[in-house]
Structure formats: C-alpha cells, structure tokens
Amino acid sequence: MGKLIYLDNAATTRTAPEVVEQMLPYFSELYGNPSSIYDFAAKSKEAVMKARGQIADVLGANKEDIYFTAGGTESDNWALKAAFEAYKDKGNHIITTKIEHHAILHTCEYLEKQRHARVTYLDVDENGIIRLEDLEKAITPETIIISVMFANNEIGSIQPIKEIGMIAKEHGILFHTDAVQAFCQVPIDVNECNIDMLSSSAHKINGPKGIGFLYIRKGVKNRSFIHGGAQERKRRAGTENVPGIVGYGAAAQRAAASMEERTKKECELRDYLIGRIMNEIPYVKLNGHPQKRLPNNVNVSFQFVEGESLLLMLDSYGICASSGSACTSGSLDPSHVLMAIGLPHEIAHGSLRMTLSEETTKDDLDFTVDKLKDIVQNLRNMSPLYEDFIKKANA
Amino acid sequence: MYSEKVMDHFQNPRNVGEIENASGVGTVGNAKCGDIMRIFLDIDEDTHIIKDCKFKTFGCGAAVATSSMATEMVKGKTIEEAMQVTNKAVMEALDGLPPVKIHCSLLAEEAIHAALWDYAEKHHITIEGLKKPKSDIHEGEEEEEY
C-alpha cells in the first residue's frame with residue numbers, strides 16, 4: 001500500500017506538530033497543578049489563561065466565559081442538562097433539530113425520559129437546513145433553550161445561526177450551538193450571533209483529543225455539571241488538562257490565523273471533488289447544501305451500492321473516508337441525518353463522506369476519484385438492485 | 001474488524017454473476033436494512049446436483065463475503081447436502097464474523113433456501129426440511145437497547 005489519503009477530517013485530525021511541540025513542556029518540566037500556590041505552578045496557570053484568551057479571541061468572547069471540558073460531547077451534555085436544571089422554573093421545553101449529533105439527541109432523550117422534558121425536534125429541508133418559520137412556531141412560553149448545531153458533521157450544512165440567535169434573543173430564550181465542526185472552519189462571533197452557549201472540541205482543528213470547551217455567556221445560570229474542586233470558576237471541577245488546554249489554545253490560534261486562506265483552498269478542492277464525481281460517475285447525488293456547507297465537506301450517495309463495501313474497497317487503496325450506512329453505525333438503520341433530509345433507505349446506505357484538510361492535494365482527490373469510479377462500477381456489477389434497474393431500463 | 005478470510009472473499013468474491021435460465025433463483029433481504037442477496041442455481045434434474053451457483057449482493061463486507069463463501073460451499077453438492085449448509089457453517093468457514101454482522105450471515109442461508117424453494121416449485125417437488133422463504137429476513141429482529 002502506498003500513501004495514506006486521509007479524507008476523514010470530520011472524524012478527527014492530525015495534531016499539528018507545532019501544537020504538539022507547545023504541549024510537550026507541560027507533560028515534563030512544567031507539570032505543576034494550576035491550583036497550587038507556589039511559583040512553579042504559576043506557569044501552568046498562566047498557560048491555561050493564555051489558551052483561554054487564544055480561544056476567546058476566535059469567538060469574540062470574554063475569556064472568562066470559556067470553560068474547558070473533556071470534549072464536545074461533555075460540552076453538549078453540560079449545556080443542555082445544566083440549562084434544563086437551572087431554568088426549570090421557567091419551563092421544560094427544549095427546541096432542537098433532527099440532525100444534531102448524538103451528544104445532543106441522546107441528551108435530549110435522557111431529559112425527556114428522566115426529567116420530563118418536552119423536546120421539539122425540528123425538521124430540516126432537503127439540503128439539511130432548518131426553516132426559521134418552523135422554529136418560530138415551535139416556541140412556547142415554556143421554551144427554555146434552543147439548541148441548533150452550527151454546521152452538520154455528516155452533510156456539512158451550515159444553519160442560519162445569526163437568524164436563530166436573533167429569534168432566541170427576541171423571545172428571551174437561551175441559544176446553544178454545537179460548533180464542533182464549525183469552530184475555526186467558518187467565522188463565528190458569539191455576540192453578533194447572540195450565542196449564549198457554544199460547544200467545541202480541539203481534535204477537529206489539529207488539536208489534541210480529550211479537550212473541549214463550553215462557552216457560557218456571562219449571566220447564563222448554568223451550574224456545575226462535574227462536581228468537585230473549584231477549577232474553571234467553580235463550574236467544572238477536576239484538575240485542568242494543562243497540556244490539552246495548551247494544545248487547544250495553540251491549535252485555535254493556528255487555525256484562526258490560517259482560516260481565510262485554508263478554507264478558500266479547501267472550498268476549491270471540495271468543489272473540484274464534487275464536480276468530478278458528479279460528472280464522471282452516474283446515478284450519484286450530492287447530500288447537503290451545494291453552497292451553504294463546510295469548506296471541507298463532501299457527502300455523496302451512490303445508488304445501488306452499500307457504504308461499508310465502498311469504505312472497505314477505498315481502504316484497500318489507503319483512502320480513509322466514512323459513510324452513513326447502517327452497517328457502519330452498528331445498527332440496522334442508516335444515518336438519522338440522511339433520513340431527515342428525506343433520502344430513501346437504499347440511497348442513504350450508499351452514502352460516502354469525504355472531509356478534507358489543509359494537507360489534502362488535488363492529486364489525492366484525482367487518485368480517489370479514479371479508484372472510486374472502478375469501485376462503484378464493480379460493486380454495481382455485483383448489485384441485484386443495479387441488475388433490476390438496468391433490466392427495467394432496457395425493457 | 002474482519003478476518004483475513006472475510007476480506008479475501010470480500011475483495012475477490014467467487015461466483016459473482018447471473019445464470020441465464022437458472023433452475024432456481026432466490027432473493028432475500030431488503031434495501032431498508034441495507035442488504036439484498038440473490039442466488040442463482042443450476043441444478044441437474046436427474047442427479048439433483050448443483051452444477052453451478054452464482055450470486056449478486058447489495059450489502060456490506062460481511063454480506064458479500066458470506067455470499068461468496070456460501071456459493072462455494074453448495075457448488076457440486078446435491079440439494080440434500082446443500083440443505084446442510086447453515087449460516088453457522090458459512091460463518092465458521094469464514095473464521096467468524098463480528099457480533100453485529102451475524103445477521104448478514106443469515107442472508108446466505110436464506111437466499112440458498114429461497115433459490116431451492118423456487119426450484120422445487122418449478123419442478124413440483126418437495127425438498128425435505130425446506131420452508132417457504134420469509135419475505136423479510138429481519139422480521140422479529142430487534143435492535144439492542146442500552
């Protein structure tokens with residue numbers, strides 16, 4: 001096998017070597033606990049503060065409003081569970097969407113089952129974008145939180161976050177957004193968009209795994225979710241993951257600095273990849289919005305073939321991608337996102353997600369499309385669905 | 001995730017294709033669950049020997065590999081012997097499948113039975129132990145709650 005072509009950057013990314021380099025001292029010589037009083041530990045505390053500032057700068061936020069967590073999933077859990085608890089006197093209604101990450105959906109299901117929450121799951125259109133009138137209609141006096149992801153992890157669709165923030169503000173409802181895929185991929189200003197809470201994770205932007213943050217606007221009453229010591233302004237207990245936090249700060253600064261140039265290049269490559277696939281492979285559909293999508297996200301469905309087979313064949317050429325087919329989810333149902341945009345099961349089973357990075361080259365994509373053409377044709381030759389389709393077409 | 005044998009049968013599947021004027025054809029599974037298997041049999045009417053067996057499958061690696069292995073296992077056998085080729089036997093021949101993929105292996109046994117059922121109906125014969133194929137092999141199968 002030759003070179004590895006990694007097209008699964010929505011799953012995770014390589015920790016950038018310069019990020020690792022900045023983290024390393026905090027594993028070895030600067031191992032002090034930021035809570036300790038002596039001068040030696042002050043360096044750890046300073047490092048955490050610096051990273052908090054680096055991240056806040058990207059969002060136009062106050063650095064006191066950034067709370068480090070163990071990742072996007074914890075941030076999502078904290079945002080919803082703590083807000084539900086803090087605002088239960090006002091009501092029990094949550095509005096979210098059908099295409100959220102499971103960190104949101106399963107948290108909502110938990111709140112429904114265990115805490116008697118009432119949850120509205122908004123539909124999305126065929127491009128995976130919510131309708132603002134649906135959101136307006138769903139609002140009741142009991143609505144305490146609106147949680148809509150900034151951009152979808154599977155199909156890359158970017159939601160009208162500014163408009164949602166405006167609606168939430170008008171109605172005095174908290175607005176949370178899961179920005180795990182969007183942070184440092186699209187410009188975000190928490191004030192401009194009226195975002196009260198925002199979840200993010202370092203390993204999606206060339207930072208380390210196991211570290212994330214929740215932005216909580218000053219005044220939002222969310223209390224502690226992890227109980228213990230007084231870290232993170234008494235809101236998130238546990239000794240700080242100092243190397244992780246340092247890595248996150250470095251990764252955020254790096255990704256924000258390169259955002260304009262990097263995403264411009266990624267958009268060009270993304271559209272090149274989409275163009276080649278759509279032009280050169282028959283019976284294929286682009287999933288997600290053609291323009292309002294993450295710069296690095298390509299998601300297509302190949303009719304008559306199944307996603308896991310596609311992934312295994314691509315893997316044999318060193319190409320890493322992902323799929324929303326049932327067989328890759330460990331259940332019998334294909335991705336809830338692909339179902340929500342109205343794809344029939346058999347089309348959803350044939351989905352392929354390729355997510356690019358700054359390292360992706362045009363040559364990588366040409367190699368991928370060349371292989372993909374053969375793979376899809378071979379799998380179709382083996383497919384009874386294709387056989388039936390061709391026979392019907394010739395009849 | 002998969003054994004070497006599964007990967008071999010997935011990447012180099014044996015007996016892919018169709019048999020024109022097949023003695024029996026069986027299709028099982030559904031697109032909803034993401035796997036459909038079609039088996040073609042060429043059976044000698046006098047000896048009841050399966051002279052040839054081909055398949056077409058829409059499905060994951062496990063579904064393709066079990067189709068390939070199952071066709072290998074029934075080729076050259078009599079109908080009665082082919083009836084003994086169970087999903088367990090196919091799985092063992094593939095050095096096992098991950099637990100979430102066991103339902104895929106059921107397809108192969110069901111597809112062979114469906115093709116034999118088709119043959120039996122066409123020739124007005126009864127094959128001992130053969131039941132009418134289910135229209136949906138996932139009937140009654142439930143997802144794990146956790």
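**Exercise 1. Place helix α5 of chain B against the sheet. Which strands does α5(B) lie across, and at what angle to β1(B) does it run?**

Step 1. Helix α5 covers residues 102-122 of chain B. Helices are DSSP runs of H or I with at least four residues, strands are E runs with at least two, and both are numbered from the N terminus.

Step 2. α5(B) lies across β1 and β2 of chain B. Contact means that two C-beta atoms, placed from the backbone, lie within 7 Å.

Step 3. α5(B) runs at about 145° to β1(B). Axes are lines fitted to C-alpha atoms, for helices over the stretch in contact; angles run from 0 to 180 degrees between N-to-C directions.

Step 4. Note the source. This is a predicted model: local features need pLDDT of at least 70, side-chain atom pairs count only at pLDDT 80 or more, and totals for chains, interfaces and linings use all residues. Residues are numbered from 1 along each chain as its sequence is written, while chains are lettered from A and ligands numbered from 1 in the order in which they are written.

Step 5. Add helix α2 (residues 61-74) of chain B. It lies across β2 and β3 of chain B, at about 175° to β3(B).

**Exercise 2. Describe the sheet. What is its strand order?**

Step 1. The order is β1-β2-β3 (chain B), in an open sheet of three strands with antiparallel pairing. Strands pair if DSSP finds at least two bridges between them.

Step 2. β1 (24-30) and β3 (50-58) of chain B are the edge strands, each pairing on one side only.

Step 3. From one strand to the next, the twist averages 15°.

Step 4. Seven bridges join β1(B) to β2 (residues 35-43) of chain B. In β2(B), I36(B) is the bridge partner of G29(B).

**Exercise 3. Classify the packing of α1(B) and α2(B). At what angle do they pack?**

Step 1. Helix α1 (residues 4-11) of chain B packs on α2(B) at about 85°, and the axes are 8 Å apart.

Step 2. The two helices are therefore roughly perpendicular. Under 35 degrees counts as roughly parallel, over 145 as roughly antiparallel, 65 to 115 as roughly perpendicular, and the rest as oblique.

Step 3. From α1(B), V6(B), H9(B) and F10(B) meet residues of α2(B), among them G61(B), V64(B) and M69(B).

**Exercise 4. Summarise chain B. What pattern does it follow along the sequence?**

Step 1. Chain B has five helices and three strands, in the pattern α-β-β-β-α-α-α-α.

Step 2. Its C-alpha atoms fill a box of roughly 50 × 30 × 25 Å, taken along the principal axes.
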